Amino acid sequence: MNIEISNLHFSYPNGVQALKGISLEINLGEQVAIVGQNGAGKTTLVKHLNGLLQPTSGNVKIGDWDTKQKSVAKLARRVGYVFQNPDEQLFSKNVGTEVAFGPKNLGFSGEQVQRQVKDALAMVELSDKTEINPYDLSPTWRKMVALASVIAMDTSIVVFDEPTTGQDAASIARIANVIKVLRERGKTVITITHDIDFCAENFERVIAMSQGQVLLDGKANEVLGQDEILARTFVDPPQLTRLGKRLNLPVTVKNQDEFLQAYQARTRS
Amino acid sequence: MAIVNLTNVTYKYPLTNEPVLKDINLQVNEGEFVAVIGPNGAGKSTLCYTIAGFVPHFFKGEITGTVKVAGNESSKSNLHEWVLNVGLAFQNPFNQISGAKYTVFEEIAFGLENIGVPREEMIQRVNDGMKLTGIRDLADRSPYSLSGGQQQRVALTSILVMQPKVLVLDEPTSQMDPIGTREVFGVIRTMAERGMTVIMAEHKVEWIANFADRVVALHEGQILLDGKPGEVLTSELLTGKGFGISRYTSVARRAKELGLWRRDTLPVTLDEAVEGFASALTPSPSPKGRGEL
């Protein structure tokens with residue numbers, strides 16, 4: 001189930017032109033990070049994937065569905081969306097009910113719902129917290145509930161809006177693992193992030209946006225090495241990419257393994 | 001001279017069995033910028049609340065030991081006196097915005113109205129504050145129409161204009177993009193240089209390394225380490241406990257195991273990493289620092 005966005009324009013009712021002609025194809029199973037300064041149009045773009053926003057002009061297709069012809073409820077079958085702030089999406093009195101809400105509404109059988117809830121809670125390490133009210137958990141763990149409630153819907157496409165905001169190191173590692181498991185299951189994962197190091201370590205494809213347009217789109221190493229273009233959307237390359245550049249390593253590196261390999265080769269030359 | 005003085009402070013929230021802070025001893029000097037690091041649940045927010053007087057005056061619970069700020073003792077003061085010396089910006093700005101004001105300008109003036117600052121001075125302070133934090137263009141917007149990062153700037157500004165002696169910040173940049181983070185750290189550094197004492201709970205270690213004077217590492221309610229950023233942030237004691245570690249530190253630690261990092265100390269900033277790694281290369285790339293992170 002591929003995503004096809006063609007010449008997408010969007011203006012908010014106040015006249016602000018948030019998207020100015022976006023064309024993109026994302027194939028099933030791809031892991032894509034979207035980066036760029038606040039106001040670049042990242043959230044506006046992904047809200048078109050599940051019909052929360054409709055194009056002012058242009059088209060968005062999720063598989064054979066044109067988002068203009070489908071309701072948000074229908075699109076929820078194909079696209080799961082985790083909001084930036086978990087408090088905007090949690091409402092149930094306990095974690096188990098919260099996570100079961102999505103799959104139940106998609107019409108899965110009772111047994112199937114149970115299985116998917118169990119699986120999603122295990123993935124975010126919340127299996128023993130099903131009876132707890134989400135609001136008795138810390139913000140870190142509320143975020144995990146929000147993640148689980150979307151994972152449990154078992155959609156082909158999962159969108160995360162700023163998943164690492166305010167999370168500590170352990171929690172970021174947990175989110176990275178969720179993305180890895182979804183990749184192994186062949187899901188498409190689209191993540192908006194300001195955390196460029198997290199982006200470098202977990203995504204193969206990176207899209208950089210600026211002022212409603214796509215500035216760069218390609219393999220992570222290619223995109224993240226373009227410091228001058230990235231600066232136009234106020235994104236600094238990842239730490240190890242910058243370290244590699246300052247040391248004049250011959251290749252663009254984006255994580256520890258790549259850095260150590262390139263550095264070691266350079267010490268031998 | 002120490003302006004913040006915590007002696008043997010242990011604190012337990014109501015209805016809980018375990019103390020969140022255990023025997024905390026912390027002295028912070030006037031004009032010092034201290035960063036508090038630790039995994040979520042370590043007690044960072046509670047420590048912020050304690051210094052800001054919300055513990056125990058607002059949250060209740062059981063506290064032992066003494067908390068002193070600018071010579072006053074918390075247990076012998078009222079919260080409304082305490083806020084004249086200490087300002088707190090909450091982790092979630094949504095919890096801080098009053099809900100009683102229609103515009104950002106009025107929201108920032110709210111605290112000043114409550115302490116009876118004269119009108120002309122109030123307008124001046126609000127305008128200066130908004131200029132400092134780069135939110136003048138938001139003055140007429142509703143605080144609730146803003147993004148998380150913008151709300152955080154408003155929350156910070158509304159505390160700065162109160163001109164507290166001690167500024168307590170609980171992850172003030174958690175919802176900001178990198179440019180916002182850079183600007184806010186810059187503003188806070190400026191305030192410290194002007195003599196304001198800053199205590200900041202924060203996860204972003206590379207920023208702390210470049211801006212803070214001192215780092216306190218909290219773990220399970222206790223102070224694990226307290227010292228210079230370069231020493232605390234590269235300490236072996238932090239590994240395996242859920243602390244954020246700079247990627248420069250992590251990669252140098254691995255390089256050391258491979259015999260590729262030959263210095264005794266590990267780097268925490270880009271410049272330190274460049275210097276250390278460049279020294280083993282021929283021809284050596286220019287290790288000149290550019291003050292980047």
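Entry 1. I began with the backbone of chain B, where Gly53(B), just after H1(B), takes a positive phi of about 85 degrees; I keep in mind that this is a predicted model.

Entry 2. I then went back to the helix before that glycine and looked up its burial: helix H1 of chain B, residues 44-51, is mostly covered, with 8 of its 8 residues buried. The buried residues, as I listed them, include Lys44(B), Ser45(B), Thr46(B) and Thr50(B), along with Leu47(B), Cys48(B), Tyr49(B) and Ile51(B).

Entry 3. Next I turned to the contact between the chains, to which chain A gives 31 residues and chain B gives 33 residues. On the side of chain A that touches chain B, the elements that give two or more residues are helix H6 (169-184), helix H10 (239-246) and helix H11 (256-268), and the largest share, 7 residues, comes from H11(A). Sorting that side of chain A by class, I noted 10 nonpolar, 15 polar and 6 charged residues.

Entry 4. As H10(A) and H11(A) both appear in that list, I looked up how they pack, and found an angle of about 15 degrees with their axes 9 Å apart. Angles under 35 degrees count as roughly parallel, and H10(A) and H11(A) are therefore roughly parallel to each other. The crossing in which H10(A) passes H11(A) is left-handed.

Entry 5. Last, I wrote down the residues that make this helix contact: Leu240(A), Leu243(A) and Gly244(A) come from H10(A), while Gln256(A), Phe259(A) and Ala262(A) come from H11(A). By class, the residues of the contact of H10(A) with H11(A) are 4 nonpolar and 2 polar, with no charged residue.

Note on methods:
Residues are numbered from 1 along each chain as its sequence is written. Chains are lettered from A and ligands numbered from 1 in the order in which they are written. This is a predicted model: local features need pLDDT of at least 70, side-chain atom pairs count only at pLDDT 80 or more; totals for chains, interfaces and linings use all residues. Two residues are in contact if their C-beta atoms, placed from the backbone, lie within 7 Å. Helices (H or I, at least four residues) and strands (E, at least two) are DSSP runs, numbered from the N terminus. Ala, Val, Leu, Ile, Met, Phe, Trp, Tyr, Cys and Pro count as nonpolar, Asp, Glu, Lys and Arg as charged, and the others, Gly among them, as polar. A residue is buried if 20 or more other C-beta atoms lie within 10 Å of its own, exposed if 12 or fewer, and partly exposed in between; C-beta atoms are placed from the backbone. Axes are lines fitted to C-alpha atoms, for helices over the stretch in contact, and angles run from 0 to 180 degrees between N-to-C directions. Angles under 35 degrees count as roughly parallel, over 145 as roughly antiparallel, 65 to 115 as roughly perpendicular and the rest as oblique. A crossing is left-handed if the near helix is turned anticlockwise from the far one by less than a right angle, and right-handed if clockwise.
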